[in-house]
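Please describe how this two-chain model is built, with attention to burial, to the main sheet and to the contact between the chains.

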Amino acid sequence: MNLLQLENVHKKFGDFTAVSDISFSIEKGNVYGLLGPNGAGKTTTLRMIMDIIAPDAGSITFSGNRHVQDFLDQIGYLPEERGLYRKMKVRDVILFIAELKGLYKQQALGEIEKWLEKMQLSEWGNKRIDELSKGMAQKIQFITTVIHKPELIILDEPFSGLDPINMTLLKDLMLELREDGSTIIFSTHVMEQVEKLCDRICLIHQGEVLLEGELRAVKRGFGKNSVEIEYIGSLEPIRNSACIQGINDFGQYAEIKLKTPEDYRPFLQELVEKGVDVTRFELMEPTLHEIFVESVEAHGGTVQNAE
Amino acid sequence: MPNKIVAVIKREYMTRVKSKGFVASLFLMPVLMCGMVLLSSFLAIMEDKTEEMRKLAVIDETGEIFDRMQGAIAKHRTFQHKGELVYQLHEETATTEEERAAFQERVRTKKLYAYLEIPKDVFTNGNVRFYARTATNFNVQSALRRIISDIVRDKRFAESGYSRREVSQLMRSVGFNAYAVKSGKGKDGGAKVESALETGARLGLGYILVFVLYLFVIIYANSIMRSVLEEKTTRIVEVIVSSIKPHQLLLGKLVGVCSVCLTMFAIWVIFGVLLVMNIEPLLGIFGIDSLPIQFIQVIGTVKASSAGVLTYFFIYFIIGFFMYSTLYAVVGAICSSEEEAQQTGVPLTMLLVVPFILMFQLFRIPDSTLSILLSHVPFFSPILMFMRINVLMPPLWEILLNILLVCATVLLVTLISGKIYRVGILMYGKRPTLGQLWQWTRY
């Protein structure tokens with residue numbers, strides 16, 4: 001059964017349509033990626049799931065129940081903008097939020113120690129939040145999100161502002177939580193992480209779903225119309241080939257987009273005929289980044305900040 | 001299932017009670033209060049004392065007053081410091097305007113402390129003129145006035161054949177004692193009355209309490225505003241309202257902070273009661289055995305009236321606190337920065353300052369229609385109704401009706417504010433207009 005299901009959800013703010021007719025469902029134990037450029041409606045969608053704002057139309061069900069607000073204690077939520085009570089001590093902040101999530105004090109205290117140890121922050125437990133570095137505060141906030149062992153974990157842009165080490169740490173933690181049976185939905189516009197983590201993705205743009213499905217199926221659907229070649233000399237002879245849709249030349253290495261997946265045969269022939277000295281020729285699966293850019297551009301949008 | 005509101009109350013309460021500010025105000029407030037009372041009474045009796053010699057130029061056009069003035073000043077306390085005369089009188093003459101101006105210039109350049117002109121017609125209707133660098137040295141002025149008046153009167157008496165002693169014997173005024181008539185029977189079976197001193201003691205207690213009420217509502221309502229703003233700007237509010245309903249969060253905050261105030265009051269009341277109950281043995285330690293009758297009267301009044309006054313104080317503090325704190329919480333919720341919130345909060349502060357200022361005028365006419373009407377304006381009641389209770393106890397039914405009226409207002413304010421708060425804490429950017437606020441209440 002689906003743990004979370006959204007059906008035809010709409011949300012307008014005044015004249016601005018933030019979310020239009022979004023539907024998707026998340027199976028228990030999956031990691032679900034909500035992708036889209038800035039302003040696509042990801043945060044609005046997550047806030048509606050959290051019952052922070054109400055949808056204008058459509059339904060959101062948790063374990064088949066329409067009253068998500070009755071299950072909020074089984075959900076952990078990391079908002080996009082981070083922040084904690086600056087003047088409070090680390091342990092007190094975590095305890096406060098754990099109690100808000102329905103944990104008893106004794107129960108929470110044990111969990112707090114476990115998590116602080118895991119994050120290597122045990123010595124910082126009695127410091128005030130404003131004495132911590134930004135990265136440490138982010139870790140503390142992640143602890144407050146998962147301290148009550150939620151069934152569903154909602155992370156809004158969890159990787160933003162993290163250094164590479166903490167990014168890896170967070171990714172490992174997310175996989176660990178999935179092993180323990182948690183279901184995770186997270187939003188991002190950083191595609192690399194998604195490829196490593198997600199079971200399913202949903203790509204939204206201007207409030208509408210462009211693509212939804214299992215990550216592998218989505219990729220297969222796009223076909224292998226990308227070629228990577230390594231060469232010596234110049235690519236000039238084939239630059240105007242009828243098979244090529246786009247070319248990204250790095251000097252000795254190039255990523256080439258073909259017009260159709262079937263074009264790879266005539267293209268290879270052309271390379272040989274025109275005397276390009278090719279040392280490697282490989283058919284590539286499209287990266288999620290390409291799918292993302294292509295889908296958005298196909299709908300008349302441009303992608304900014306898509307690192 | 002642990003109670004989530006309790007978690008909010010606990011957090012609001014503990015972070016404040018554990019703060020240095022709480023401990024500091026717990027000790028400093030009574031010290032400051034006593035200090036203020038002592039300082040103001042000290043300033044009231046403090047005179048313009050000097051150790052330096054002050055020169056006073058006198059132009060005596062009558063030619064009869066200067067010598068006698070010098071004799072009188074030598075005996076007058078105002079002109080002495082530690083038994084030494086510190087004022088020097090110089091007889092001068094000035095006939096032209098230029099000469100007068102020269103004396104005034106010497107006053108301005110501090111060569112003279114003051115310059116005095118006694119006109120020829122001072123015995124009939126002329127005015128004495130006194131020039132000094134400031135005209136606020138009232139004690140010197142009034143002493144000089146009294147001395148010169150006495151000299152002038154003596155001459156008038158002598159001319160008309162009366163002796164001064166006889167006249168002052170005949171002219172002495174009557175004793176005058178004011179009593180406030182209270183309900184109930186007095187000790188001697190007559191009506192129960194209260195002397196001016198007892199009224200003063202009771203009013204003093206009332207004033208201190210009104211001041212504490214006003215101060216604490218302002219300070220802690222602002223504290224709530226800042227805490228709402230902090231949750232909003234750090235976005236932690238999104239996590240909180242995904243665990244607990246906004247109105248529960250607001251309620252938890254109000255109850256938590258209100259408990260902080262009540263804790264502080266409770267500590268003060270306990271100490272105050274212990275102090276008043278044991279005042280005699282306590283003073284005994286300092287070797288004071290017999291107390292003046294006035295002091296015993298004051299203590300007696302405080303003992304007798306504080307239970308009633310304190311009860312009303314707590315009632316009006318709690319409802320006043322909830323009314324204003326809810327409104328300040330809304331200000332915090334609709335603003336995005338501290339500066340913006342401070343500005344937006346000004347009209348609310350006015351709602352508190354206005355009755356506090358009016359109180360000083362209205363307490364003299366506690367049963368005028370104006371006083372009664374204003375005291376029933378719900379936003380003014382916590383201060384003005386409480387003031388009326390202290391000055392002239394209104395009938396019980398009127399007080400109860402007022403409490404009911406204010407409670408109903410608080411409920412209404414909370415309902416509307418709760419809705420604005422719910423929307424506001426999740427809205428960022430431009431502050432909403434009044435029209436938008438009205439829309440928010442209908443979501």
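Of the 307 residues of chain A, 38% count as buried, where a residue is buried if 20 or more other C-beta atoms lie within 10 Å of its own, exposed if 12 or fewer, and partly exposed in between, with C-beta atoms placed from the backbone. The model is a predicted one, in which local features need pLDDT of at least 70 and side-chain atom pairs count only at pLDDT 80 or more, while totals for chains, interfaces and linings use all residues. Residues are numbered from 1 along each chain as its sequence is written, and chains are lettered from A and ligands numbered from 1 in the order in which they are written.

The C-alpha trace of chain A spans about 75 × 45 × 35 Å along its principal axes. Chain A has 9 helices and 13 strands; these are DSSP runs numbered from the N terminus, helices being H or I with at least four residues and strands E with at least two. Among contacts in chain A between residues at least 6 apart in sequence, 71% join residues at least 24 apart, a contact meaning that the C-beta atoms of two residues, placed from the backbone, lie within 7 Å.

An open sheet of 6 strands in chain A follows the order S5-S6-S7-S3-S8-S9, with mixed pairing; two strands pair if DSSP finds at least two bridges between them. Strands S5 (75-78) and S9 (208-214) of chain A are the edge strands, each pairing on one side only. On average, neighbouring strands of this sheet are turned by 15 degrees against each other, direction ignored. S5(A) and strand S6 (residues 152-156) of chain A run parallel and are joined by 4 bridges, and A:Ile75 stands opposite A:Leu152 in S6(A).

Two helices that pack on the sheet are set out below, with angles that run from 0 to 180 degrees between N-to-C directions, the axes being lines fitted to C-alpha atoms, for helices over the stretch in contact.

| Helix of chain A | Strands of chain A touched | Angle |
|---|---|---|
| H1 (residues 42-49) | S3 (31-35), S6, S7 (183-188), S8 (200-205) | about 150 degrees with S6(A) |
| H7 (residues 215-222) | S8, S9 | about 110 degrees with S9(A) |

Between the chains, 19 residues of chain A are in contact with 18 residues of chain B. Helix H2 (residues 90-100) of chain A gives the most to the side of chain A that touches chain B, with 4 residues.

For chain B, the domain assignment, which is automatic or from a database, gives domain 1 (54-164) and domain 2 (195-440). The C-alpha centres of domain 1 of chain B and domain 2 of chain B lie 53 Å apart.
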